[in-house]
Structure formats: C-alpha cells, structure tokens
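Work through the exercises below with the sequence and the model at hand. Each task is followed by a solution in steps.

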Amino acid sequence: MGVFPENNVKLVDEIIAAAGFGPDELAPVPHGKDQQLFDALRFHYDVSVLTEPFLLACGRLTKHPELKKIIADDEKRKAYLSGRGLVYPIVDFNVKFPTTEYLVAPLKALNPRLYSISSSPKAHPSEVHLTVGKVTYDLHGRKRLGVCSTYLADHKLDRPVKVYMHSNKAFRLAENNDVPAIMIGPGTGIAPFRAFLEEREARGAKGKNWLFFGDQHQATDFLYEEQITA
Ligand SMILES: Cc1cc2nc3c(=O)[nH]c(=O)nc-3n(C[C@H](O)[C@H](O)[C@H](O)COP(=O)(O)OP(=O)(O)OC[C@H]3O[C@@H](n4cnc5c(N)ncnc54)[C@H](O)[C@@H]3O)c2cc1C
C-alpha cells in the first residue's frame, strides 16, 4: 500500500518563520493549483533534508561571503549539507526569498512510501494492517527522523491517512494450499509473511509453513510473538 506522508508541523512552521512568510500566503505546488504555504510545505514538498539545489538557490539569493565560499568548495559544501535541515542556510546566511515560489522551486516533491500489507483480508475483513519500523538515526551528530514512518508512528488518529493500493503480481502466496511455503523476513520484512500465514490459516491450507525471522532483541523486537508462537 502506498502512503502519502505529511511533514512535521513544527518543522514546517520553523521553515515558514525562518523564510519570513506567513502560513496563509499562496505557493505553487507540483501538479495543482497554488495552495497556502503551510499546506504546500506540509503535504507537497520534501522538507526533511537540506539538498544541494536548495543550498545553491540560497546562494543565488544572498551575497553572504561565507555561503559563497561554502558553495565554491566541494569539501565545505558536502560538510555543510551533512545532517542539516532547510532552516540552517536561511538563518545562517540571512537568505531573503522575494516570493514563496523562490522558496519551493528548489524543493523535491514529497513522494508516497510503499508498505507491505501485513494482514489477510480473510482474517481481518475491511482492515489493512501495516508493520512499520520508525526510522531514526544520527547523521553527523544530528537526530534525523524518517518522514513517513514517523508520520505513521506518531499519528494521533485524528485525521485520515491518504493511501493508494499498489499491486505486485510477482510476489504472492501460492494458490496451491498443499505446497510448503518458505518465508524469509527479518525485521519489518515479516510484514507480508504475517499476511501469508493468516491467509493460509484462514484457507485451512495443509502445506507446511517455514518462517525465518530475526531481529536484534527478543524482548522488544519479536514482532507478532504471541500470534506466531501460537
Ligand atoms: C515494496 C516495499 C515494501 C516496503 N515495506 C515496508 C514495510 O512493510 N515496513 C516498513 O517499515 N518499511 C517498508 N518499506 C520501506 C518504506 O517504504 C520506507 O522506505 C521506510 O518507512 C522509510 O521511509 P521514511 O519516509 O520514514 O524515511 P525517509 O525520510 O525516506 O528516510 C529514509 C532514508 O534515510 C536514509 N537513512 C536511513 N537510515 C540511515 C542511517 N542509519 N544512516 C544514514 N542514512 C540513513 C536513507 O537514505 C533512507 O533512504 C518498503 C519499501 C518498499 C519499496
């Protein structure tokens, strides 16, 4: 299933404030009519990491000598880009954007992320379960959060999540209920196989099921432990 993520509200507010705009000002979005800047940055653009095109765009908008030096030097540029967010160059070099278009033009579109469905529709009619690992890591001393996995993990269930179905004809459970199934899915890779196991159980399939699963710590990472050991 494809999930359309939303960017963190605090991060979007910070960017808008740093760029000196109001959240209601209009901004262009990919493939659509202009929207309020807050919505444009929250739903349509990837604002999670500082990219080279954004840094270069900042360089065109300011005469700040330090930024010119960083842009001209490969090593310095790479070092500056590492682990920083969009707000950094705007604040560090006092970048002024003439219009919202200058702010969003160098940004990439915010793409949906794919997740394996981890439930069988026979076991859970009208439900879809996902098994999502929240992505967090340190990059050059700064904590970085994965956009979509964090969006799902921290969702307050106060609004719908936009999704679409994506089918994969090459990866599916055998129709023959008597053949054995060998499934290898460490970590969240267990997701489709939990669905396969539920489906086989619901079908009353007689074929043997072998699931190879591994993760770091039994106490915290044995996903679906009760269901699988049962
Ligand atoms: C067919 C398919 C099925 C999938 N099924 C599942 C599933 O069932 N469950 C699941 O949890 N995920 C699944 N994924 C992965 C999922 O689509 C996302 O990629 C994942 O959730 C991360 O997205 P994000 O938006 O949270 O992170 P992003 O914001 O996209 O950040 C992830 C990026 O951060 C960088 N990164 C991550 N860790 C580090 C690190 N330690 N050091 C440096 N850089 C790093 C990498 O560039 C990585 O691409 C699947 C992917 C595909 C293609």
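Two strands pair if DSSP finds at least two bridges between them. Helices (H or I, at least four residues) and strands (E, at least two) are DSSP runs, numbered from the N terminus. The model is predicted: local features need pLDDT of at least 70, side-chain atom pairs count only at pLDDT 80 or more, and totals for chains, interfaces and linings use all residues. Residues are numbered from 1 along each chain as its sequence is written.

**Exercise 1. The hairpin**

Task: Describe how β2 and β3 pair, and find the residue with positive phi in the turn.

Solution: Start with the pairing. Strand β2 (residues 26-29) and strand β3 (residues 32-36) are antiparallel, with 3 bridges. Ala27 lies opposite Gln35 of β3. Next, take the turn: 2 residues separate the strands of this hairpin, and His31 in the turn has a positive phi of about 55°. Last, sort the faces of β2. Ala27 and Val29 are on the covered face, Leu26 and Pro28 on the uncovered one. In a regular strand the side chains alternate between the two faces of the sheet.

**Exercise 2. A residue of α2**

Task: Is Ala40 buried or exposed?

Solution: Locate the residue in helix α2. Apply the cut-offs: a residue is buried if 20 or more other C-beta atoms lie within 10 Å of its own, exposed if 12 or fewer, and partly exposed in between, with C-beta atoms placed from the backbone. Ala40 has 27 C-beta neighbours inside 10 Å, so Ala40 is buried. Then list the contacts (C-beta atoms, placed from the backbone, within 7 Å). Beyond four places in sequence, Ala40 touches Ala27, Val29, Gln35, Tyr45 and Val104. Pro28 is 12 residues from Ala40 in sequence, with 7.4 Å between their C-alpha atoms.

**Exercise 3. Two helices crossing**

Task: Classify the packing of α1 against α2.

Solution: Axes are lines fitted to C-alpha atoms, for helices over the stretch in contact, and angles run from 0 to 180 degrees between N-to-C directions. Helix α1 (residues 9-19) and helix α2 (residues 37-44) have axes 10 Å apart, at an angle of about 130°. Angles under 35 degrees count as roughly parallel, over 145 as roughly antiparallel, 65 to 115 as roughly perpendicular and the rest as oblique. The pair α1 and α2 is therefore oblique. In the contact, α1 supplies Val9, Val12, Ile15 and Ile16, while α2 supplies Leu37, Phe38, Leu41 and Arg42. Now sort by class: Ala, Val, Leu, Ile, Met, Phe, Trp, Tyr, Cys and Pro count as nonpolar, Asp, Glu, Lys and Arg as charged, and the others, Gly among them, as polar. The contact of α1 with α2 has 7 nonpolar, no polar and 1 charged residues.

**Exercise 4. A second helix pair**

Task: Repeat the analysis for α3 and α4.

Solution: Helix α3 (residues 52-61) and helix α4 (residues 65-72) cross at roughly 140°, and their axes come within 10 Å. This makes α3 oblique to α4. Leu55, Leu56, Cys58 and Gly59 of α3 meet Leu67, Lys68 and Ile71 of α4. By class, the contact of α3 with α4 divides into 5 nonpolar, 1 polar and 1 charged.

**Exercise 5. The open sheet**

Task: Which strands are at the edges?

Solution: Read the order of the 3 strands, β4-β1-β7, with antiparallel pairing. The edge strands, each paired on one side only, are β4 (113-114) and β7 (163-164). Strand β1 (residues 2-3) pairs with β7 over 2 bridges, and Gly2 has Tyr164 in β7 as its bridge partner.

Methods
Two residues are in contact if their C-beta atoms, placed from the backbone, lie within 7 Å.
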